[in-house]
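This briefing goes through selected features of the structure shown below, grouped by topic. Please keep the sequence and the model at hand while reading.

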Amino acid sequence: MLRLVLASRSPARLATLRSAGVEPIVQVSGVDEDAVLADARSRAEHLGPDDAVLLLAQAKAEDVAHRIGGSDEAVAGGAAGTVVVGCDSMLEIDGEVVGKPAGPDAARERWRAMRGGKGVLHSGHWLVDLRDGDAGGTGATIGATSSTTVWFGHMDDDEIDAYVATGEPLEVAGAFTIDGLGGPYIDRVEGDHHGVVGISLPLLRALLHDIGVPWHTLRTA
């Protein structure tokens, strides 16, 4: 039996996969993201957000794959029929990466700066194929990044205050969601809107195809 392991605690990524008929096993990685990026920046002259999210997605997927491969109890049935996917996302505005706001004041300031403007949401995806060779396993570890341009609505201060008061902007990079309470404040996107949620279904399907896994074989519904 083929199992997809999601190396992420993101409820939005899990809900996106479930809405597409896929029920993954969630295994959260223990990766120190700051340490991974610091090490990469010490070795590279430039590390853009599109590269950074791919690097973090790889670190998360390979960390979980290593733990699964070393323990038959990590995933029921062991590693033999498993493909791991790791993801990471960052919002880029005017060349700067925007993370989670430090508090309500920072969230309000961020939205006042973003309203009427645009940013690029980068989501890295990385697959590790742990399947046995006789089950079609390739041993591949591959990935790619989805980048989607997001146009933010012209919100007045009262709308910003009301949105920040929900608490949602404090929990997510860039201080917004497209699939939750923030959806009405996104005017449009150019690219895959699932990538803004944090996991691009078309990109994931393409990566799975590259290792010989048809999307429909993952569906449980």
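At its relative accessibility, does Asp94 count as buried or exposed? With a relative accessibility of 76%, Asp94 counts as exposed, because the cut-off for that class is over 50%. The model discussed here is a predicted one, and the points below take up backbone geometry, two buried strand residues, two helices with a buried side, and two helix pairs.

**Residues with positive phi**

- Asp94, which is found in the loop between E3 and strand E4 (96-98), has a phi near 50°, a positive value in a residue other than glycine.
- Ala175 also belongs to a loop, the one between H5 and strand E7 (186-190), and its phi is near 70°, again a positive value in a residue that is not glycine.
- As for accessibility, Ala175 has a relative accessible area of 1% and is therefore buried, whereas Asp94, at 76%, is exposed.

**Buried residues in strands E3 and E5**

- Cys87 is part of strand E3, and with a relative accessible area of 1% this residue is buried.
- Leaving out neighbours within four places in sequence, the contacts of Cys87 are Arg13, Ala57, Lys60, Gly124, His125, Gly198 and Ile199.
- Although Cys87 and Leu54 are 33 residues apart along the chain, their C-alpha atoms are separated by 7.7 Å.
- Gly119 lies in strand E5 (residues 118-129), and its relative accessibility of 3% means that Gly119 counts as buried, since the cut-off is under 20%.
- When residues up to four places away in sequence are not counted, Gly119 touches Leu91, Glu92 and Ile93, and likewise Thr148, Thr149, Val150 and Phe152.
- Between Gly119 and Val97, 22 residues apart in sequence, the distance from C-alpha to C-alpha is 9.7 Å.

**Helices H1 and H7: buried and exposed sides**

- In helix H1 (residues 11-19), the buried residues are Arg13, Leu14, Thr16 and Leu17; these cover an arc of only 160° around the axis, and they are therefore on the same side of H1.
- The other side of H1 carries Pro11 and Ser19, both of which are exposed.
- Among the elements that cover the buried residues of H1 are the strands E1 (3-7), E2 (25-26) and E3 (82-93), together with the helices H6 (193-197) and H7 (201-210).
- In H7, the buried residues are Leu201, Leu203, Leu204, Leu207 and Leu208; seen down the axis of H7, they fall within an arc of 160°, and so they line one face of the helix.
- Arg205, His209 and Asp210 are exposed on the face of H7 that is turned away from its buried side.
- The buried residues of H7 have as packing partners H1, E3, E5, strand E6 (141-152) and H6.

**The pair H2 and H3**

- Helix H2 (residues 33-43) packs with helix H3 (residues 49-69) at an angle of about 125°, the axes being 10 Å apart, and this angle makes H2 oblique to H3.
- Glu33, Val36, Leu37 and Ala40 of H2 make the contact with Ala52, Leu55, Leu56, Ala59 and Lys60 of H3, and the residues of this contact divide into seven nonpolar, no polar and two charged.
- The handedness of the crossing of H2 and H3 is right-handed.

**The pair H4 and H5**

- Helix H4 (residues 104-114) and helix H5 (residues 157-165) have their axes 10 Å apart and pack at an angle of about 140°, so H4 and H5 are oblique to each other, given that roughly antiparallel would require an angle over 145 degrees.
- On the side of H4, the residues Pro104, Ala107, Arg108, Trp111 and Arg112 meet Asp157, Ile160, Asp161, Tyr163 and Val164 in H5; the residues of this contact of H4 with H5 divide into six nonpolar, no polar and four charged.
- The crossing of H4 and H5 is right-handed.

How values were computed: Residues numbered from 1 in each chain as written. Predicted model: local features only at pLDDT ≥ 70, side-chain atom pairs only at ≥ 80, totals over all residues. Heavy atoms only, no water. Axes fitted to C-alpha atoms, helices over the stretch in contact; angles between N-to-C directions. Helix = DSSP H or I, 4+ residues; strand = E, 2+ residues; numbered from the N terminus. Parallel < 35°, antiparallel > 145°, perpendicular 65-115°, else oblique. Left-handed = near helix turned anticlockwise from the far one by under 90°. Contact = heavy atoms within 4.5 Å. Nonpolar A, V, L, I, M, F, W, Y, C, P; charged D, E, K, R; others polar. Buried < 20%, exposed > 50% of the residue type's maximum accessible area, 1.4 Å probe, protein only. Arc of directions from axis to C-beta.
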